[in-house]
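Please work through the exercises below with the sequence and the model open side by side, and attempt each task before reading its solution.

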Amino acid sequence: MGATFNLWKLIKWTLFYILVTFIVVVSVFPFYYAILTSFKSGTALFQINYWPTSFSLDNYFNVLNSGSFPRNLLNSIFVASVTVILALFLAITASFALARVRFRGRGLLLLTILGVSMFPQMAVLAGLFEVIRALGIYNTPWALIFSYTIFTLPFTVWVLTTFMRDLPVEIEEAAIVDGATPWVIITRVFMPLMWPALVTTGLLAFIGAWNEFLFALTFTANNDTRTVPVAIALLSGSTQYEIPWGNIMAASVIVTVPLVILVLIFQRKIVSGLTAGGVKG
Amino acid sequence: MASIELRNVRKSFGMVDVIKGVDLEVRKGEFMVFVGPSGCGKSTLLRLISGLEDITSGDMLFDGKLVNALAPSKRGIAMVFQSYALYPHMTVYENMAFGLTLEKGHAKEEIRQRVEKAADMLQIRQYLDRLPKQLSGGQRQRVAIGRAITRDPKVFLFDEPLSNLDAALRVATRIEIAKLHEEMNQVTMIYVTHDQVEAMTLADRICVLRDGLVEQVGTPMELYERPDSIFVAGFIGSPKMNFIAGDKAEKYGCATLGIRGEHMDIKNDGLWEGTVIHTENLGADSYVYLDMGQEEPVVVRLDGAVTYQSGTVLKVSPQDERIHRFDAAGKPIR
């Protein structure tokens, strides 16, 4: 009896890890292949192999020295960072009102915010283009910051509102009795308690802004104002008939690495922040 | 250092009237306890005094000055919450100093002295560098009280501060609060509880609330000896006062006769007869539950450990001078 039981356990264990391996391979393979390609050069690009055969950093040098790519990288960093800061600032203040201030039409407003986020980008593209032209920010980073903030806010506001609603009311009331204004309550009492939510939503907003393509393509017109995803798509080879796969892959890796690093830094914060609550017994 | 006056204060939440016209005066330096069953509005009344809720109509005066629209922090109050409500990300010191740092004109050194003085009063000085999560429930509640003391308030508000503590800690903290009241005898204290033992032991005066209205205000002994209604009579005192209706009450010329368990004697020639349902033995005293054909069993309190077999028939008599007589409307006949 004991032996069959162990055998069954072993089979279950094996099947479980086969499944895990399968999922990991399927989800990681595209990235792995991109990295692999980025280290190849010349005609090696067109040979299919699954293990590193040659190693060269030529593609990386090419990309970083070619025209406006470094500039595009800085654009992306600027646009994504400002979007995150702006979106978090607006979302924190908005969610404080939505979670804690009683006013007429609060539920309707929350539903509208959620409804707005359902529209596909394509549907609002034309309208947004008009707004951006009217504001006179076409072909500047502000056009992207403006449109990304609009598209990030519904999600950010919803997450932060839910989170803020769960913070104990007594803490806020204690702060009111202590003489804190709403601004002091938000910045000195609530924000330290909301780090996990802020980091999570901020990170997602950053990734969204960093990878966005359609708006970035539409609202910018020349190389100096483009962000990285568009720049990568428009990378051209030495002739019209050559697609510079090596450079594209190298650029993609350069673009992805900062995101991976950000997630790795902050994921520890997310976990440690969640346990810092502790109000009652 | 403030007297508080409420004049016909009302509070409604939407269509629901919670406080239905309360007139009340809390004297300077007094320890006033609001007591009543859940939903009677006692916490709401405290929150109205604190300013966390606005009053719907009526007037609220601190030292004769109207404070209806004054923000909580401008009223000179400090509040201790049931759930402690400490700032989880701040150390005990920062928690206690937070209010003072927000007020302008306090030097760092002054703040430190005030926090340390309050910490010494409550013996929490060794915890000043810790975070709330590193403290036990009792310690947290003392920090919350310390935070209130540091602000040097004129009025101290307690909202059921002991109900999250276990029984032993509750008694210890109760004594601590009583000591605090002696030391800070200039400070007016208002204390909300549903525990009538806390009310009896702490209060200078008790305000019994029922359904958004003041039922009776008086010293603990006044409420115990001369309740103004059947409700107060039943609410104050443990075990609960026995109410006897029917023929037995009519003989005394009232609709309901109230008699406390400690004011009844078991005698061979007792007036009433009842069957023992159950005996509770508490060591120092015992409660004997008798079935006398009333709606609820009648409780007789006896000194020492006494046990009666269930089913035993006993004869009891009330002490005539301790009888409370109530008319059909529940008002006392005196």
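The exercises that follow move from domains to helix packing, then to sheets and the contact between chains.

This is a predicted model, in which local features need pLDDT of at least 70 and side-chain atom pairs count only at pLDDT 80 or more, while totals for chains, interfaces and linings use all residues. Residues are numbered from 1 along each chain as its sequence is written, and chains are lettered from A and ligands numbered from 1 in the order in which they are written.

**Exercise 1. Domains**

Task: state how chain B and chain A are divided into domains, and give the separation of the domain centres in each chain.

Solution. Begin with chain B, where domain 1 covers 4-233 and domain 2 covers 243-326, the bounds coming from an automatic or database domain assignment. Taken over C-alpha atoms, the centres of these two domains of chain B are 38 Å apart. Chain A is then assigned a domain 1 of 2-58 and a domain 2 of 67-234, and its domain centres, again over C-alpha atoms, are separated by 37 Å.

**Exercise 2. Two helices in chain B**

Task: describe how α2(B) and α4(B) pack, giving the angle, the handedness and the residues that meet.

Solution. Helix α2 (residues 92-102) and helix α4 (residues 137-150) of chain B have axes that come within 8 Å and cross at roughly 30°. This makes α2(B) roughly parallel to α4(B), a label given to angles under 35 degrees, with over 145 counting as roughly antiparallel, 65 to 115 as roughly perpendicular and the rest as oblique. Helices here are DSSP runs (H or I, at least four residues) and strands are runs of E of at least two, numbered from the N terminus; axes are lines fitted to C-alpha atoms, for helices over the stretch in contact, and angles run from 0 to 180 degrees between N-to-C directions. The crossing is right-handed, meaning that the near helix is turned clockwise from the far one by less than a right angle. On the α2(B) side the contact includes B:Val92, B:Met96 and B:Leu100, and on the α4(B) side it includes B:Val143 and B:Arg147, with contact defined by C-beta atoms, placed from the backbone, that lie within 7 Å. By class, the contact of α2(B) with α4(B) has five nonpolar, four polar and one charged residues, where Ala, Val, Leu, Ile, Met, Phe, Trp, Tyr, Cys and Pro count as nonpolar, Asp, Glu, Lys and Arg as charged, and the others, Gly among them, as polar.

**Exercise 3. Strands of chain B**

Task: give the strand order of the open sheet, and describe the hairpin formed by β15(B) and β16(B).

Solution. The open sheet has six strands in the order β6-β7-β8-β3-β9-β10 of chain B, with mixed pairing, two strands being paired if DSSP finds at least two bridges between them. Its edge strands are β6 and β10 (213-218), each of which pairs on one side only, and the twist averages 20° from one strand to the next. At the β10(B) edge, β9 (residues 205-210) pairs with β10(B) in the antiparallel sense over five bridges, and B:Val208 stands opposite B:Gln216. Turning to the hairpin, β15 (residues 285-291) and β16 (residues 298-303) run antiparallel and are joined by six bridges. Six residues lie between them, and B:Gly293 in the turn has a positive phi of about 75°.

**Exercise 4. The contact between chains**

Task: count the residues that each chain gives to the contact.

Solution. Chain B gives 22 residues and chain A gives 20 residues. The elements of chain B that supply two or more residues are β6 (77-80) and α2.
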